[in-house]
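The following note is offered to a colleague who is beginning to read protein structures. Please keep the model in view while going through the numbered points.

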Amino acid sequence: MMLKNRLINSIPIHTMVYMVVNSVICAISSTLLFVRFVLNVYIIDPYYLICALIISIGLFFTALVSLKDWKDNLLNEEIR
């Protein structure tokens, strides 16, 4: 019973850190793209920024899905 409560209340820190890092990369890429096209200040090539934005969004949503399914899989294995 106590182990089940611990599993329900536990948080996967590594996944949360991964999501924060991807959010920071996404924010920086978006900001630099905004500066490039709106203010016409060239800092980094837009091709690299668009690639970084697409990759970080994809990795963020992958981590989000793994976080969603994390507790269900862990609790189902513990019950067996």
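1. The aromatic pairs of this predicted model are a suitable place to begin. How many aromatic pairs are counted? The count comes to two. One of them joins Tyr-47 and Tyr-48 in an edge-to-face arrangement, with 5.7 Å from centre to centre and 65° between the planes. The other case to examine is Phe-60 with Phe-61, which is also edge-to-face, at 5.6 Å centre to centre and with 75° between the planes. Both angles can be read against the cut-off, because planes over 60 degrees apart count as edge-to-face.

2. The surroundings of these rings deserve a remark. Tyr-47 and Tyr-48 are both exposed. For Tyr-48, which belongs to helix α3, the relative accessible area is 53%; this residue therefore counts as exposed, since the class begins over 50%. Phe-60 is partly exposed at 23% relative accessibility, and Phe-61 is likewise partly exposed, with a relative accessible area of 46%.

3. A further ring takes part in an arrangement of another kind. The charged end of Arg-36 is placed over the ring of Phe-37, at 5.8 Å from the ring centre.

4. Which residues make the nonpolar surface patch? They are Phe-34, Phe-37, Val-38, Leu-39, Val-41, Ile-43, Ile-44, Tyr-47 and Tyr-48, and the patch covers about 970 Å². Helices α2 (13-37) and α3 (46-79) are the elements that contribute two or more residues to the patch. Tyr-47 and Tyr-48 thus appear twice in this note, as an aromatic pair and as members of the patch.

5. The loop between α2 and α3 may be considered next. Val-41, a member of the patch, is located in this loop. Its relative accessible area is 38%, so Val-41 is partly exposed. Apart from neighbours within four places in sequence, Val-41 is in contact with Val-35 and Arg-36. Arg-36 is also the residue whose charged end sits over the ring of Phe-37.

6. Asn-40 lies in the loop between α2 and α3 as well. Its phi angle is near 60°, a positive value in a residue other than glycine. With a relative accessible area of 61%, Asn-40 is exposed.

7. Is Asn-22 buried or exposed? Asn-22, which is placed in helix α2, has a relative accessibility of 5% and therefore counts as buried. When residues up to four places away in sequence are left out, Asn-22 touches Ser-56, Leu-59 and Phe-60. Phe-60 has already been met as the partner of Phe-61 in an aromatic pair.

8. Thr-15 is another residue of helix α2. Its relative accessible area is 10%, so Thr-15 is buried. Leaving aside neighbours within four places in sequence, its contacts are with Ala-63, Ser-66 and Leu-67.

9. Two distances show how residues far along the sequence can be related in space. Val-24 of helix α2 is 32 residues from Ser-56 in sequence, and their C-alpha atoms are 9.0 Å apart. Ile-54 and Cys-26 are separated by 28 residues in sequence and by 8.3 Å in space, C-alpha to C-alpha. Ile-54 belongs to helix α3. Val-24 is partly exposed, with 45% relative accessible area, whereas Ile-54 is exposed at 57%.

10. The chain as a whole may now be described. There are three helices and zero strands, and along the sequence the pattern is α-α-α. Among contacts between residues at least 6 apart in sequence, 68% join residues at least 24 apart. The contacts of Asn-22 with Ser-56, Leu-59 and Phe-60 may be inspected alongside this value.

11. The accessible surface completes the account. The chain has 80 residues, of which 19% count as buried. It exposes about 6,200 Å², and carbon and sulfur atoms supply 70% of this area. Buried residues include Asn-22 and Thr-15, while exposed residues include Asn-40, Tyr-48 and Ile-54.

Terms used: Residues are numbered from 1 along each chain as its sequence is written. This is a predicted model: local features need pLDDT of at least 70, side-chain atom pairs count only at pLDDT 80 or more; totals for chains, interfaces and linings use all residues. Side-chain values use heavy atoms; hydrogens and water are left out. Patches are made of residues with over 30% relative accessible area and no salt bridge: like charges are joined within 9 Å, nonpolar side chains (Val, Leu, Ile, Met, Phe, Trp, Tyr) within 5 Å. Accessible areas come from the Shrake-Rupley method with a 1.4 Å probe; for residues, only the protein chains shown count as cover. A salt bridge is a side-chain nitrogen of Lys or Arg within 4 Å of a carboxyl oxygen of Asp or Glu. Helices (H or I, at least four residues) and strands (E, at least two) are DSSP runs, numbered from the N terminus. Buried means under 20% relative accessible area, exposed over 50%, partly exposed in between (1.4 Å probe, protein chains only). Contact means heavy atoms within 4.5 Å. Rings of Phe, Tyr and Trp (its six-membered ring) pair if their centres lie within 6.5 Å; planes under 30 degrees apart count as stacked, over 60 as edge-to-face and the rest as tilted. A charge sits over a ring if NZ of Lys or CZ of Arg is within 6 Å of the ring centre and within 35 degrees of the ring normal.
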